[in-house]
Amino acid sequence: MIPEVILYCSINMLCIVAIAPLFVSLIRKVKAWTQGRRGPSIFQTYSSLAKLVRKEVLYSHDSSRIMRVTPWVNIAAMLVAALFVPLVFVPVPFEGIGNIILFLYLMAVAKFFTALSGLDAGSSFGGMGSSREMSISAVIEPTTIIVFAALALVFKSLNIFDMVAASATEGLAHNPELILIGISLFIILIVETSRIPVDNPETHLELTMIHEGMILEQSGRNLALLELSSALRLTILMALLINIVAPLGVITTLTVAGLAIAAILFAVKSIILCGAIGIFESSMAKMRFFKIPGLFAMAFFFSTITIIIEVLS
Amino acid sequence: MIALLFVIGLIFLCIGIGLPLVTIQRDSRYLRTLSACCTVMASVLLSIAAAALIFMGGSAAFTLWQIAPGITLSFALDRLSSVFILIIALVSGCVAIYSTEYVEHLEGGSRRNLLCGCTNLFILAMVLVVASAGTLPFLLFWELMAGASFFLVMYDYTTPEVRKAGIFYLVMTQFSTLFILAGVIALFAITGSFEFSRMGGAAGMAGTMVFVFLFLGFSIKAGIVPFHKWLPYAHPASPSPISALMSGVMLKIAIYGLIRFLIAVFTPDLLQGLLILAAGIASAVLGIIYALKERDLKGMLAFSSIENIGIIFTGIGLYVIFQATGHDVLAVISLAAALFHSLNHALIKSLLFLTSGSVIHASHTRDIERMGGLSHRMPYTSALFFCGALAISALPPLNGFASELLIYIAFFSSIGALDPLLKILLILGLALFALASALCAACFVKTFGSVFLAQPRSEECQSAREVPGAMIAGPALLASGCVILGLLPLQFLELAGYPIPLFPNMLLIGILLLAMYGFSWMILRAVSHEPIRICPTWGCGYVTQRPAFEYTGEGFSEPVARIFSSIYRTQVQNEGTFADQKNCLFLEGRGGLHLMKIFEEYLYLPIAGFTYRTASLVSRFQNGCLDTYLLYVFCTVLGLILFLGVIA
């Protein structure tokens, strides 16, 4: 049993790696359309990554080992986190793979290292980015934990695999409060992947950037790794949102036909979600930094309401 | 057998106390090293004894001295006390290795002998507090521990700052003893015994009173908000190995006291649990919020200790709540979390204090803003500090994560198990707990970034050098402990007889992380052959990059300070002179931002002022004239005779 699960998890992880750049481009494409541009091809992110890999790596005189290990730690943490989120098929969890708190803290490992690498070269842009990133992540943390606690309460499990399996068998009709959790998860997705209105993934202006500020000193294959890991983060969180709120098609027993249908359904759902994120981003201006806690308060509110509903029912 | 090991360990500690004190006149490095060797020997023996008790069960008991019938100095070791003996032993061994070198760099000549002897006395007192079988030896050694640590804090007594810190600490620790003494006397009045094993079932009004006394006493010693002010004074003032011992171990002794009394004396009560939980959460959040703004490296670590003590209190609070509501499995998980976090925090915090001692030794400043760039100059120390920073920020796969995960599991499982009101309260607690945990990561990113990364911000840092071997070996042992406990928490807990369901296999996660790291490294190495170039940091158009361009620690924590400004209570002061009467034409002036010391201004100073006024009233009785004193004696005797006459 366990070798099969390992095999499936590895394939799952490789699939996530393969589609992650596509999702980034898709969102860019949607944003371009809403702004009346044609936008780059949806395979642009792949070619950018390929180009970066073939560029030389620059390190600052002042930078230490942190700068050098950060890209690898980032990608390692994201790859392990990718094992935790099933895309189309839910195996039986083993040895705590899929633990939702561990999942959250794997994301935190990547963030911790990235923030330190922002400070490493001594550039004030990097420091600005790290400072903002750590502040935002501190303020969003209570919300994230409450959302996860609400999920744990609804599905009576701490494991993402169990949650997705339960959601797939019970359906949205059985747990309507998932819609509220979905809103909170969406806000967390926006924040964690540094998107408008919290951060802007496309600019390099010192007033707006957070994530881009931290990785400003990175170059070459290191930058490619960091770009890929932020794409992975996006994909993983999207898959989590999709499979918990709209698990239609996710299978718990392995059949070829089921797998094909599940894959197609997942593709459709993720394209819709990419569109939603793109439109959401285009319809908003970047928020003033100190207004952001208000946004989190909303997510916090929805997830607390969910818990209260669940508690009282 | 175990009792024998234990006693031999104690004898080694006594030799360690005696050696440097007997020859107090001689300033000899040899004797001091020998004394530290005794500490290490004792720590090895005590850890073996404690580990044997934890993993194999059983107990050991012996009586040292029967003072009077019913009043004995007797000791008993069970699994609870073994955990804390293990904490003391592990940390003090590593600290002793570190201080063989550190002490030699201190000023003070033969006073350093006193420091070594007193350190061993301090360790001995802590071991005996934990081993006490009754409240009498507990109190006796508690007071010995307080006294020894006071002398250690006052080591550098010529500095006024240190004197102030020492006195502050002494007053606070005496308050703590006072409350515990009151609790112990009340307990004796209720149960008629000084033995822990015969004190069960204090309930009702009297029980509540005893609980409040003991809770206050242990909270003051543990540094729970609002009794925490002595920590950020005492820790920066004392030598670094002493800070490591005090923060890593002594605070845990207060935790031990609380748990011991809770288990031995009280029947679990929901309100007591909620009180402990609330105190824990408040300390966790406030501690780390103050830590973020602290510029003094050791002061920051002291505030971080307050946070971690808060986390441990949270675990204890959950334990009592679950006991009171009859969820035994969850109660065990919470208690395991509290104990495990005590061990983890002891290792992490002493690691951090020792390495920051090295940093301060090398850079001659405690101010974070004047450090920087030390990772090139002190590679080993910075790697060790980094390990501690990762662990205390609760990042997997290190030990800080393992114990916080236990608390999360307890919280998450509790939400499905309790009644609605409790659930809502616990959810609130969970959210604040998560906030503290995330702020801790921000705080240590700031600290590590400002201290070790980028360019040095002062001349002394520019010329800082790596510290000698012993000052690396001690922390390195602690760091390896952090890694081992982080990778094998499940196995250790199972070995100790606490199989925790839902706990992920951290060894697997560690291997996976390493595998993914290696996997991606190999793939990219195969694909990309581009060279690496070293160049200046991009200076936004400026030609040279200077330390002044860097982001400061203060700047780093500014957003958090803005968001939580209502907690910091910053005070803006503006004063100026103007050329006209309507204050329009500005001549000169100054403005300033001050962090208000809320607890000092609204809690400590009023109490101190009241005490002072009362004392000055009482002092009028003292006029130094013999006749007056004879009059007092006469009046007292007369009063007594009358009083006894009335009673009879």
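Start by selecting Tyr98(B) and Tyr102(B): both are buried. You are looking at a predicted model, and these two tyrosines sit in helix H3 of chain B, which covers residues 79–102. They are four residues apart, about one turn of the helix. Turn the view until you see both rings edge-on. Their centres are 5.5 Å apart and their planes meet at 25 degrees, so the pair is stacked.

For another ring geometry, go to Phe289(A) and Phe290(A). Here the ring centres are 5.2 Å apart and the planes stand at 90 degrees, which makes the pair edge-to-face. Colour the two by accessibility as well: Phe289(A) is buried at 14%, while Phe290(A) is partly exposed at 28%. Over all chains, the count of aromatic pairs comes to 42.

**Where the chains meet in aromatic rings**

Next, select Tyr105(A) together with Phe401(B), Tyr408(B), Phe411(B), Phe412(B) and Phe433(B). These residues form one aromatic cluster. Keep it on screen and add Ser437(B), which lies in helix H16 of chain B, residues 420–452. Ser437(B) is buried, with a relative accessibility of 4%. Which residues does Ser437(B) touch, leaving aside those up to four places away in sequence? They are Tyr105(A), Glu307(B), Glu404(B) and Tyr408(B), and two of these names, Tyr105(A) and Tyr408(B), you have just met in the cluster.

Stay in H16 and move to Ala434(B). Its relative accessibility is 0%, so Ala434(B) counts as buried. Beyond its sequence neighbours up to four places away, Ala434(B) touches Glu141(A), Pro142(A), Ile145(A) and Tyr408(B). Now draw a distance from the C-alpha of Ala434(B) to that of Glu404(B): the residues are 30 apart along the chain, and the atoms are separated by 9.8 Å.

**Into the nonpolar core**

Zoom out and look at the largest nonpolar core, which has 334 residues. Helix H16(B) gives the most to this core, with 20 residues. Among the residues with the most contacts inside the core are Phe84(A), Phe103(A), Trp230(B) and Phe261(B).

Centre on Phe261(B) and show what surrounds it. Not counting residues up to four places away in sequence, its contacts include Thr135(B), Phe138(B), Leu187(B), Phe196(B), Met199(B) and Phe218(B). Phe196(B) deserves a second look, since the charged end of Arg260(B) sits over its ring, 5.8 Å from the centre. For a related arrangement, select Arg111(B) and Tyr155(B): the charged end of the arginine lies over the tyrosine ring, 4.8 Å from its centre.

**Two enclosed helices**

Arg111(B) also takes you to helix H4 of chain B, residues 111–131. This helix has 21 residues and reaches 30 Å from first to last C-alpha, close to the 30 Å expected. Of its 21 residues, 18 are buried, so H4(B) is largely enclosed by the rest of the structure.

Then pick helix H14 of chain B, residues 379–392, whose 14 residues reach 20 Å, close to the expected 20 Å. Is H14(B) largely enclosed or exposed? It is largely enclosed, because 11 of its 14 residues are buried. Phe385(B), Phe386(B) and Cys387(B) are among the buried ones. Just past the helix, look for Ala394(B), whose phi is positive, near 60 degrees.

**Cysteines**

Cys387(B) leads to the next selection, Cys482(B). The sulfur of Cys387(B) is the nearest cysteine sulfur to that of Cys482(B), at 5.4 Å, and Cys482(B) is in no disulfide. Cys482(B) is buried, at 0% relative accessible area. The structure as a whole holds zero disulfides.

**Backbone stops to finish**

In chain A, find the loop between helices H7 (178–192) and H8 (211–214), where Pro197(A) lies. The bond joining Ile196(A) and Pro197(A) is a cis peptide, with omega about 10 degrees. Chain B has a cis bond from Val225(B) to Pro226(B), with omega near 10 degrees; Pro226(B) sits in the loop between H7 (204–222) and H8 (230–237) of that chain.

Finally, compare two non-glycine residues with positive phi. His364(B), with phi of about 55 degrees, lies in the loop between H12 (328–363) and H13 (374–377) and is exposed at 61%. Ala454(B) has phi near 60 degrees. It sits in the loop between H16 and H17 (459–462) of chain B and is buried at 5%.

Terms used:
Residues numbered from 1 in each chain as written. Chains lettered and ligands numbered in written order. Predicted model: local features only at pLDDT ≥ 70, side-chain atom pairs only at ≥ 80, totals over all residues. Heavy atoms only, no water. Disulfide = S-S within 2.5 Å. Buried < 20%, exposed > 50% of the residue type's maximum accessible area, 1.4 Å probe, protein only. Phe/Tyr/Trp six-rings, centres within 6.5 Å; stacked < 30°, edge-to-face > 60°. Lys NZ or Arg CZ within 6 Å of the ring centre and 35° of its normal. Contact = heavy atoms within 4.5 Å. Expected span 1.5 Å × (residues − 1). Core = buried A, V, L, I, M, F, W, Y, C linked by side-chain atoms within 4.5 Å.
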